[in-house]
Amino acid sequence: MSRVRWFRYFSYCLEILVLFMLQETPGLIPEVFGQRPVFLIPAVLCIALFENELPAMAFGALTGLLIDSGISGVLGFHGLMLAVCCYFISAMAANLIRTNFLTALLVCAVGSTLVMVLQWVFYFWLAGYEFPDYAFVNYYLPRLAYTFIWTPVTYYFNRALALFLRPREE
């Protein structure tokens, strides 16, 4: 494997760790409707647009495990979901769709919604909480919207990183 690829992967890991620290530091990012964004979801979904299936899946699993450790949930829940999402996003980006800003918005909207709705289903609805609809409207929808707003930042950062750190063709 080339040095450029290793440096790109190292840069992705550094980005994921910095975004994890930003999202988990209380008071650093202002809350909207009492919620903070999950920076890691749009970041890893945008990474998957620019990488092959296996590295995208690995970054999805790593990021999901970080999210699991940050929200004190079931360890592996987000890791599994994001690994599968990133694998399919990477496969679609390689074979079916063009990677541009509009597809990144669509991918992040669908992927973030899927992850957060499944989280709500398993953590609230199937767990038997008395008012799961209240949790969805007052907790998950604001968090989903606040997370989605960060998609352009993560897309353009990862696009620049992926294009700048490509091996030169000779």
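The crossing of helices H5 and H7 is right-handed, meaning that the near helix is turned clockwise from the far one by less than a right angle. Helices here are DSSP runs of H or I with at least four residues, numbered from the N terminus. H5 and H7 pack at an angle of about 125 degrees, with their axes 10 Å apart; axes are lines fitted to C-alpha atoms over the stretch in contact, and angles run from 0 to 180 degrees between N-to-C directions. The pair is therefore oblique, being neither under 35, over 145, nor from 65 to 115 degrees. Phe101, Ala104, Leu105 and Cys108 of H5 meet Thr151, Pro152, Tyr155 and Tyr156 of H7, where contact means heavy atoms within 4.5 Å.

I should state that this is a predicted model, in which local features need pLDDT of at least 70 and side-chain atom pairs pLDDT 80 or more, while totals for chains, interfaces and linings use all residues. Residues are numbered from 1 along each chain as its sequence is written, and side-chain values use heavy atoms, without hydrogens or water.

Staying on H5, which holds Val107, is that residue buried or exposed? Val107 is buried, at 10% relative accessible area; the cut-offs are under 20% for buried, over 50% for exposed and partly exposed in between, with a 1.4 Å probe and protein chains only. Beyond four places in sequence, Val107 touches Leu45, Leu49, Ile89 and Ile97. Its C-alpha atom lies 8.8 Å from that of Leu49, 58 residues away along the chain.

With the same exclusion of neighbours within four places, Ile41 contacts Ile67, Ser112, Val115 and Met116.

Definitions and conventions:
Helix = DSSP H or I, 4+ residues; strand = E, 2+ residues; numbered from the N terminus.
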